[in-house]
Amino acid sequence: MANGRNRGQKGDSGRDAGGFVALPWSVLDCPAYAGLGHPAKSLLMEVARQFVRDNNGRLLCSMAYLSQRGWKSWDVLARAKAELLAAGFIYETVKGQRPNKASWYAVTWRALDRMPGYDPGAADLFVRGAYQKHTPYSA
């Protein structure tokens, strides 16, 4: 745009308006991703959808939030979340508590954003790229 050829045009005219999910190919091509079940892959998209600039560490996987996005089964959600945690794609920064405090999560292909409110030691134990170190289970 610096040369003046695109003067008056804003943004990328080749896609729909609005934000987008930036998911690196290294995530999609790793063995750990290939080993995920479909609900876990869907949940990963839902979590990644929440990331905007500086909130990695404050992403939600709660039924209260996800029911608005079409999730209906607590059991499927719990299994998908456990699968993503075990495979290293998401990391829990705050443990939720009843009756109404949701857990917070971070995606591990991005750096953790430093913000107040994390559980003690959570920021120190965060491992960027943890999914790359995971070997999927093979039957």
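Me: Which elements are included in what covers the buried residues of α3?

Reply: This is a predicted model, in which local features need pLDDT of at least 70, side-chain atom pairs count only at pLDDT 80 or more, and totals for chains, interfaces and linings use all residues. Residues are numbered from 1 along each chain as its sequence is written, while side-chain values use heavy atoms and leave out hydrogens and water. The buried residues of α3 (buried being under 20% relative accessible area, exposed over 50% and partly exposed in between, with a 1.4 Å probe and protein chains only) are A40, K41, L43, L44, E46, V47, A48 and Q50. With helices (H or I, at least four residues) and strands (E, at least two) taken as DSSP runs numbered from the N terminus, and contact meaning heavy atoms within 4.5 Å, what covers these residues includes α1 (25-28), α2 (31-34), α4 (63-66), α5 (74-87), β1 (90-94) and β2 (104-107).

Me: How far apart are the end C-alpha atoms of helix α3?

Reply: Helix α3 covers residues 38-50, which makes 13 residues. The expected span is 1.5 Å times one less than the number of residues, so 18 Å would be expected here, and the model agrees, with its end C-alpha atoms at a separation of 19 Å.

Me: Which element gives the most to the largest nonpolar core?

Reply: A nonpolar core is a set of buried Ala, Val, Leu, Ile, Met, Phe, Trp, Tyr and Cys residues joined through side-chain atoms within 4.5 Å, and the largest has 27 residues, with V27, L43, L44, L84, F89 and W109 having the most contacts inside it. Two or more residues of this core come from each of α2, α3, α4, α5 and β2. With five residues, the element that gives the most is α3.

Me: Which residues is V27 in contact with, leaving aside its neighbours within four places in sequence?

Reply: V27 is among the residues with the most contacts inside the largest nonpolar core. Once its neighbours within four places in sequence are left aside, the contacts of V27 are Y33, L44, F89, W109 and Y131.

Me: How many residues does the other core have?

Reply: This core lies apart from the largest one, and its members include V94, A106, Y118 and F126. Its count of residues is nine.

Me: Why is the pair of F89 and Y131 stacked or edge-to-face?

Reply: Rings of Phe, Tyr and Trp (its six-membered ring) pair if their centres lie within 6.5 Å, planes under 30 degrees apart counting as stacked, over 60 as edge-to-face and the rest as tilted, and by this rule there are four aromatic pairs. F89 in the loop between α5 and β1 and Y131 in the segment after α6 (122-125) are 42 residues apart, and they are buried, with relative accessible areas of 0% for F89 and 4% for Y131. Because the ring centres are 5.3 Å apart and the planes stand at 10°, the pair is stacked.

Me: Which parts of the chain does the pair of W104 and Y118 tie together?

Reply: The ring centres of W104 and Y118 are 6.4 Å apart with planes at 80°, so this pair is edge-to-face, and both residues are buried. The parts tied together are 14 residues apart in sequence, W104 lying in strand β2 and Y118 in the loop between β2 and α6.

Me: Where is G19 found?

Reply: G19 is exposed, with a relative accessible area of 76%. Although G19 and V52 are 33 residues apart in sequence, their C-alpha atoms are 8.6 Å apart in space. G19 is found in the segment before α1.
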